[in-house]
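Ready for some hands-on practice with side chains, strands and contacts? Keep the viewer open and try each exercise before reading its solution.

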Amino acid sequence: MKPHRLVWLLLPFTTALPIPYYLLKPPAPLDATPINLSTWVSLLPLYTPISSLSIPGTHDTMAYPKYGRKLPPTTQTQHNDLSIQLRKGIRYLDLRLQHHKDRFTLHHGKAYLHFDLPEVISIIEEFLKGDGKDETILVRIMCNNCHFSGKGGGDKGENGNTRTFAETMEWYRSGNPSTRNFFSNCVYQGKGIPMLGDSRGKIVVLQDFPSLELMFGINWNDRTMISLQDSWAVSGLKQAMKKINLILAFFYNVVQNIRHSINPTLTTITTTTTAITTNTTIAYTTISDLLPPLAINHLSASGVFWGPRTVSNHVYTKLYKWMMWDWDNGRGKPMGVVVGDYMTEAVARVIIEKNFLKGGAGEGLAEKVDFRWGYWNEGYKQEKEGIKITGAQRVQGKT
């Protein structure tokens, strides 16, 4: 036998290649079922910091057609309404509030989305009172026009406002009869990164608007609390590829280096909660400072010629299988918050199921879960779930 042929025969036995984790994982039991996306957070341990999860989110959450209204291609960022997004497992929302005549309406840039804040709150509240009673939802609340001045500005004396943005927010929080109960009962009242045990059935606000003091749990601009990748300008294929590289660099250089070694006991949670409610000398921030920061990686971007739909199709085509396998060899290493445009159930499910694989916060809790990723290989191409049914949905059934 010629020497070079012998080398090729022996190569499989002499080359140590890592075996993908998903090939080693035993098949799911016959009675296994996919994770219920409406209640996935409730399955995780109470002592889990929200920053140690893999969380799917939507960019410009409310930028979808309301009651059949059409939005410009550069404005629309989602195809599912908020109620469906929540049922599909989305646990990070991005709300852009326009301050106009002492009221908040939802905008994407200069485009009015035909929602006001009480409408959005009622949808979230309905979910939290139903399937989501034990869920936790991260909500970025951003002032859409505070960086403007004059007629379109969001400050006091501008745009018909007699109050500052923060004063109007305080009115919604404690003065408006239609919203004050929500802010009292359904909003996490602590400061810093919470445990799931402290935020069950609540939203955790990421405050992205000016105020004299922090009104809600996490300051969006505090880089000790939040690590962020949000490069969004794309005008062609070259910039789209650069965006892909920025997403990957953030995963590898930031998310992968976040340590998730904190594993407090239930006793710690009880002590922490007591510290918040009784104002004792045990400071909540002592625990929060030890927790990993919240890593938020935006897959979203757009430009004049490349709108959100075009960019999202490009990004999901390039990264969908990478998120499944290549990120962590098919395991459950936390991905942080992954925010996208036109977020489909297929993409959300891959991110969510990371929490229940080896290395995830819920490892071992879902022994009878059928991780049917193979059926969702083209799932990111769905135009509108529930209308256009893919092969994946025929296998798993519509949810």
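Below are six exercises, each with a worked solution.

This is a predicted model, in which local features need pLDDT of at least 70 and side-chain atom pairs count only at pLDDT 80 or more, while totals for chains, interfaces and linings use all residues. Residues are numbered from 1 along each chain as its sequence is written, and side-chain values use heavy atoms, with hydrogens and water left out.

**Exercise 1. Describe the link of cysteine 143 and cysteine 146, and say how covered each partner is.**

Solution.
- Step 1: Start with the criterion, a pair of cysteine sulfur atoms within 2.5 Å. The structure holds 1 disulfide.
- Step 2: Cysteine 143 is joined to cysteine 146, with an S to S distance of 1.9 Å.
- Step 3: Look along the S-S bond: the angle about it is 90°, and the link of cysteine 143 and cysteine 146 is right-handed.
- Step 4: Now the surface. Buried means under 20% relative accessible area, exposed over 50%, and partly exposed in between, with a 1.4 Å probe and protein chains only.
- Step 5: Cysteine 143 is buried at 5%, and cysteine 146 is partly exposed at 27%.

**Exercise 2. Which strand does S1 pair with, and how do the residues of S1 point?**

Solution.
- Step 1: Helices (H or I, at least four residues) and strands (E, at least two) are DSSP runs, numbered from the N terminus. Strand S1 covers residues 54-58.
- Step 2: Two strands pair if DSSP finds at least two bridges between them. Here 5 bridges join S1 to strand S10 (residues 336-340), and the two run parallel.
- Step 3: For a landmark, find isoleucine 55, which stands opposite valine 337 in S10.
- Step 4: In a regular strand, side chains alternate between the two faces of the sheet.
- Step 5: In S1, Ser54, Pro56 and Thr58 point one way, and Ile55 and Gly57 the other way. S1 is mostly covered, with 5 of its 5 residues buried.

**Exercise 3. Where do aspartate 60 and arginine 96 lie, and what network do they belong to?**

Solution.
- Step 1: The criterion for a salt bridge is a side-chain nitrogen of Lys or Arg within 4 Å of a carboxyl oxygen of Asp or Glu. A search of the whole structure finds 13 salt bridges.
- Step 2: One of them joins the side chains of aspartate 60 and arginine 96, at 3.8 Å from N to O.
- Step 3: Aspartate 60 is in the loop between S1 and helix H3 (82-87) and arginine 96 in strand S2 (residues 92-100), so the pair ties together parts 36 residues apart in sequence.
- Step 4: Both aspartate 60 and arginine 96 are buried.

Before the network, take a second pair.
- Step 5: Glutamate 170 and arginine 173 meet in a salt bridge of 2.7 Å, N to O. Both lie in helix H5 (residues 165-175), 3 residues apart, about one turn of the helix.
- Step 6: Glutamate 170 is partly exposed at 30%, and arginine 173 is partly exposed at 24%.
- Step 7: Finally, salt bridges that share partners join Asp60, Asp94, Arg96, Arg140 and Asp208 into one network.

**Exercise 4. Which rings do the charged ends of arginine 140 and arginine 173 sit over?**

Solution.
- Step 1: A charge sits over a ring if NZ of Lys or CZ of Arg is within 6 Å of the ring centre and within 35 degrees of the ring normal.
- Step 2: For arginine 140 the ring is that of tryptophan 220, 3.9 Å from its centre.
- Step 3: For arginine 173 the ring is that of phenylalanine 216, 5.3 Å from its centre.

**Exercise 5. How are the rings of phenylalanine 251 and tryptophan 322 arranged, and which residues form the ring cluster?**

Solution.
- Step 1: Rings of Phe, Tyr and Trp (its six-membered ring) pair if their centres lie within 6.5 Å; planes under 30 degrees apart count as stacked, over 60 as edge-to-face and the rest as tilted. The search of the whole structure finds 13 aromatic pairs.
- Step 2: Phenylalanine 251 and tryptophan 322 form a tilted pair, 5.3 Å centre to centre with 40° between the planes.
- Step 3: Phenylalanine 251 belongs to helix H8 (residues 237-253) and tryptophan 322 to helix H11 (residues 308-326), so the pair ties together parts that are 71 residues apart in sequence.
- Step 4: Both phenylalanine 251 and tryptophan 322 are buried.
- Step 5: For the cluster, ring pairs link Phe104, Phe165, Trp171, Tyr172, Phe182, Phe183, Phe209 and Phe216.

**Exercise 6. What is isoleucine 137 in contact with, beyond its neighbours within four places in sequence?**

Solution.
- Step 1: Locate isoleucine 137 in strand S5 (residues 136-143). Isoleucine 137 is buried, at 0% relative accessible area.
- Step 2: Contact means heavy atoms within 4.5 Å. Leaving those neighbours aside, isoleucine 137 is in contact with Leu86, Arg91, Leu93, Ile124, Phe127, Leu128, Lys202, Ile203 and Val204.
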